[in-house]
Amino acid sequence: MYGLGILKGLSVTWKRFWDTYIDDISWAMSGRKRYHTEEGIRHRSSKNTKGIFTVQYPEEQLIVPEEFRFIPFLVYEEQADGKKEPRCTACGICSKACPPQCIWIVRSSDSVTGKPVSTPAEFYIDMDICMNCGFCAEYCPFDAIKMDHDFDIASQGRNVYNLEKLLKPASYYAEVRPLNYNQEEEARKAKEAAKAARAAGTAAAPTA
Amino acid sequence: MATAIEPQTVDLTARFPGKVTADSRPGYTGFLVNKENLVEVAAALHNEFGFDLLTSLTGVDYIAENKMEVVYNAYKTTGGAGLIFKVQVERVDPIEVPSLTHIWHGLEYQEREAWDLFGIKFTGHPDLRRILMWEGFEGYPLRKDWKEAFYEEEIKPYKSRWPEGKHILAEEKNVFHDNLNLPKGFDPEKYIVDKEEDLYASLERHTLKDEEGRMRTDHVVVNLGPHHPSTHGVLRVAVTLNGETVMGLKPVMGYLHRNHEKIGERNTYVQTIPYTDRLDYFNSMSNNFGYVTTVEKMMNIPVAERAEYIRVIMAELSRIQNHLIFVGMLINDLGSMYTPSLYAFEERELILDIFEAVSGSRMMCNYFRFGGVVRDVPDDMLQKIKDLVFDRLPAKVDEMERFLSENEILVGRLKGTHVLSAEDAINYSVTGPVLRASGVPYDLRRADPYSIYDRFDFDVAVRHNGDMMDNYLIRFDEIRQSLRILEQAVKQIPQGPINSQKPNYQVKVPAGEAYGRIEAPKGELGFYIVSNGKANPYRYHVRAPSFVNLTAVEKMCIGTKIQDFVALLAMLDIVMGELDR
């Protein structure tokens, strides 16, 4: 019969239409909130989602996974006296690996001898050119540059970030990427332990 | 495993003594054909040796040897290794090479591209105009002595970035300092763009003339686009119409052209990986796949076993979401706005969530590295992939089919329109689902297996009518086959390292050439790379399926109705990031 295909298709939309309400009601009956809660958002992007799946940005925001990457930042260690000590050694690997070449680094030099010192004097990232590829974070040998999670950075001018704007504490890094942070800390501790053991070995050697 | 250099299947030197020589440069394969004998050799390859599918044509500018080279990659639709042959000519303008469009019609746009970007004149080409650059553009951008605006250095990394990287904004530089060429006697005051006439003149050759001279009706030229919502980006199509019937049609492209290939030649090998994401931006995983397999072929390195599985899983998930979007967008273009496409988007979102969790980005994945992938798939994500593959997606694909496939209006619009025969499809170098819908079971995953596709049990989806309905249905067939591959892959995936190499931002690629190709969701995605042993590729060419598939659009449209053309564009599944490059 002509029109049967259309009716069949409409039955799908009809079912979809009710799915949202059924889902809403069953959530309400069990006293959970389907909207504006983390649980609700996770449900809407799980394999069991039915009916409406949209997330009402900006009132609701998708929960980004740990590996989510958006514009880099520089990690600094908080010293006891409140001084910021950047992990960056101005080795320049990030600026060499950067595909659109948006990282600009001025290496510090000793004020007396003029020899290069392994800290950055100036550090710029042109965020309008950055393509969020994550190579800088991937290839940094000192875990000094990492990709951020903060994506609401709309502005009216150019976004050229300098050292001051790029630096974020290691605690922030541990907060946004806990798994990566712990992994790196463990690797660092293991390396230091190995180094200490080696040093102890060489120190013990002459006396033996 | 990286594939070794394929042996030549045909000995052309014996068949054409004195006319063809084997390419003996280290790292190169194939044959060098004399320019005078090119047409003869090509005709023999097509008619005698059965190389019916010429997939890729590109130029290479060997400026040091003062040579310009044209590289052809010919394949058989029955499968197997291909044949690469080249023509070398003196690098003195006018550089002339005979056109082969009368043998392989699919070369039409690719020859125009080589003319546009290299200035190689193909004598006998029916419509040799610029294709990606605008009419009136001066110079040939892919020649080695051409420099782009904001040119800094030949190769990256730029020396100005470190250790004295005082930041300057790009717009503060003087663009027109030393890399601007103007034609002799150019006066901007008097300049009028007159090349538009060429475009409309090129439409003439399809005009059907009334032989008896009765009822002469005027034809109307209509420009669809570039800002037309149904052209999937900025594509302009000039159409001559007789009433509603298309009499002639010419696509005008290049609005999104960014000289991707030149950027690729400035980049180091690793730096190009995120740029390939931006080709076909729906399928960055597939683009990565094609590029890294080509470079791995040149480097001759193995791929970690687990990474091979991850690659296949990601590429097939990418194919599924691409085809779902295809269906949604096709229906959108037919006038049924939003409902089907949003149903498709829902499943796509779930797949993109997986991409985001493993790679860090939903669309610009940048996930593949030479020798493997960048990071492992966590167990919870593998579980989510399993949930989708075994539970959700099969049911949702069925639902989508129930929703649409029998709809009388849809069937009425699609059935019997824009039929492309198998012979034409091959001759116009059409690849991917469009080729298979016209009855040619040619799928690179079977015909020329790469990665680990030879381990999986799946069928090559094929339909036989070549009309729009078959093109629509074959996407569902392909999704089901992809799901079959995924079911096997997620079961078989082993534990182990995810990269056979140490992470390094610079890789060593031995001198030579390679043409690597994969079955991207839209067709054959090929990369032709020439290395001279340095940190940057000497030549980097992308054979984009959207671009080459569009060659057949004229053939398919002449004599059909204009309203079906919008549906045809959706059906060819073009994406501008890849088409304009």
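## A tour of chain A and its contact with chain B

Start with chain A, coloured by secondary structure: along the sequence its elements run α-α-β-β-α-β-β-α-β-β-α-β-α-α. The radius of gyration is 26 Å, well over the 17 Å that the globule rule gives for 208 residues, so chain A is more spread out than a compact globule. Keep in mind that this is a predicted model. The pattern comprises seven helices and seven strands.

Next, show the C-alpha trace of chain A and turn it along its principal axes, where it spans about 95 × 50 × 40 Å. Buried residues account for 22% of the 208 residues in this chain. Of the contacts in chain A between residues at least 6 apart in sequence, 65% join residues at least 24 apart.

Now select residues 1–63 of chain A, which form domain 1, and give residues 70–189, domain 2, another colour. The C-alpha centres of these two domains of chain A are 41 Å apart.

Then bring in chain B and select the residues in contact across the two chains: 41 residues come from chain A and 43 residues from chain B. On the side of chain A that touches chain B, step through α1 (4–29), α3 (93–97), β3 (103–109), β4 (116–126) and α4 (135–139), the elements that each give two or more residues. Stop at α1(A), which gives the most to this side, with six residues.

Finally, colour the side of chain A that touches chain B by residue class: 22 residues are nonpolar, 10 are polar and nine are charged.

Notes. Residues are numbered from 1 along each chain as its sequence is written. Chains are lettered from A and ligands numbered from 1 in the order in which they are written. This is a predicted model: local features need pLDDT of at least 70, side-chain atom pairs count only at pLDDT 80 or more; totals for chains, interfaces and linings use all residues. Helices (H or I, at least four residues) and strands (E, at least two) are DSSP runs, numbered from the N terminus. The radius of gyration is taken over C-alpha atoms; the globule rule is 2.2 Å times the number of residues to the power 0.38. A residue is buried if 20 or more other C-beta atoms lie within 10 Å of its own, exposed if 12 or fewer, and partly exposed in between; C-beta atoms are placed from the backbone. Two residues are in contact if their C-beta atoms, placed from the backbone, lie within 7 Å. Domain bounds come from an automatic or database domain assignment. Ala, Val, Leu, Ile, Met, Phe, Trp, Tyr, Cys and Pro count as nonpolar, Asp, Glu, Lys and Arg as charged, and the others, Gly among them, as polar.
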